[in-house]
Amino acid sequence: MLTIWGRRDAFNVQKVMWLVGELELAHKHTPAGGSAGGLDDPAFLAMNPHGRVPVIDDGGTVVWESHTILRYLSARYGVGTFWSDDPAARSRAERWMDWSATTLQPDFLTGVFWGFYRTPEAQRDGPAVTDKIARCARHMELLDRELADRPYLGGDTFGLADIPAGLNLFRYFGIPIERPSVPNVEAWYQRLRERPPYREHVMLPFDHLFGRLAF
Ligand SMILES: N[C@@H](CCC(=O)N[C@@H](CS)C(=O)NCC(=O)O)C(=O)O
């Protein structure tokens, strides 16, 4: 049995739940983190010494770090669809996953979603937020150019490349910030919104997080 620990409104947990939905994997979801707590329990720390979610246990194989979990589940259950044994084909997805982890997510999720949306107005660092919003606009314009000649980030079909980057879109387009005109990104976002696992695991209300820094 596959078990996933994490709170459903956690960004990094949603990546994993989205893929689990795409792969139609039977699983058990155990709330952890946020108000569900449990991350400091010795049993949890024995699974993930960082005390963070998501964590999975797949028949005794424990994995933490959201992108590592995505790679593990794809390699285990998605060969031919989400995973390729060809290193060149795989790199076309993995470069977007790593770009998302090192560039898009820090600028959007940390810089804008946390710095602007989750931070109470009186505590916001205005210039830093303005800078991050501008950086995100440049990232979206880059994605828009990339998506001019293909429907999905990794190529002609939906794949692993779309998950970490595509997860940002629901919140990016859902908060009141200035955005550039990016029709190709919007068309990609619409394609993602048509996928049942995206609707089920990503398109969840997040307004309870407005102005709230606590998990
Ligand atoms: N790099 C880690 C980050 C994990 C992380 O920071 N998770 C957050 C949720 S998105 C967490 O555990 N927060 C504490 C909590 O939810 O209580 C990953 O991608 O899995």
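Me: What makes the pairing of a nitrogen atom of the ligand with a polar backbone atom of Val-53 a polar contact?

Reply: In this predicted model the two atoms are 2.7 Å apart, and a polar contact is a pair of N or O atoms within 3.5 Å (within protein, one must be able to donate a hydrogen and the other to accept it, and residues adjacent in sequence count only if both atoms are side-chain atoms), so the pair qualifies. An oxygen atom of the ligand is likewise 2.8 Å from a polar backbone atom of Gly-34, and a nitrogen atom of the ligand lies 3.0 Å from an N or O atom in the side chain of Glu-65. Residues are numbered from 1 along each chain as its sequence is written. Because the model is predicted, local features need pLDDT of at least 70 and side-chain atom pairs count only at pLDDT 80 or more, while totals for chains, interfaces and linings use all residues, and side-chain values use heavy atoms, with hydrogens and water left out.

Me: Why is the contact between the side chains of Arg-71 and Glu-94 called polar?

Reply: The side chains of Arg-71 and Glu-94 are joined at 2.4 Å, a value that meets the cut-off for a polar contact. Arg-71 belongs to helix 3 (residues 66-77), a helix being a DSSP run of H or I with at least four residues, and a strand a run of E with at least two, both numbered from the N terminus.

Me: What makes the peptide bond from Val-53 to Pro-54 stand out?

Reply: The bond from Val-53 to Pro-54 is cis, with omega near 10 degrees, whereas most peptide bonds are trans. Pro-54 lies in the loop between helix 2 (42-47) and strand 3 (55-58).

Me: What makes the phi of Glu-24 notable?

Reply: Phi of Glu-24 is near 55 degrees, a positive value in a residue other than glycine, while most such residues have a negative phi. Glu-24 is placed in the loop between helix 1 (11-23) and strand 2 (27-30).
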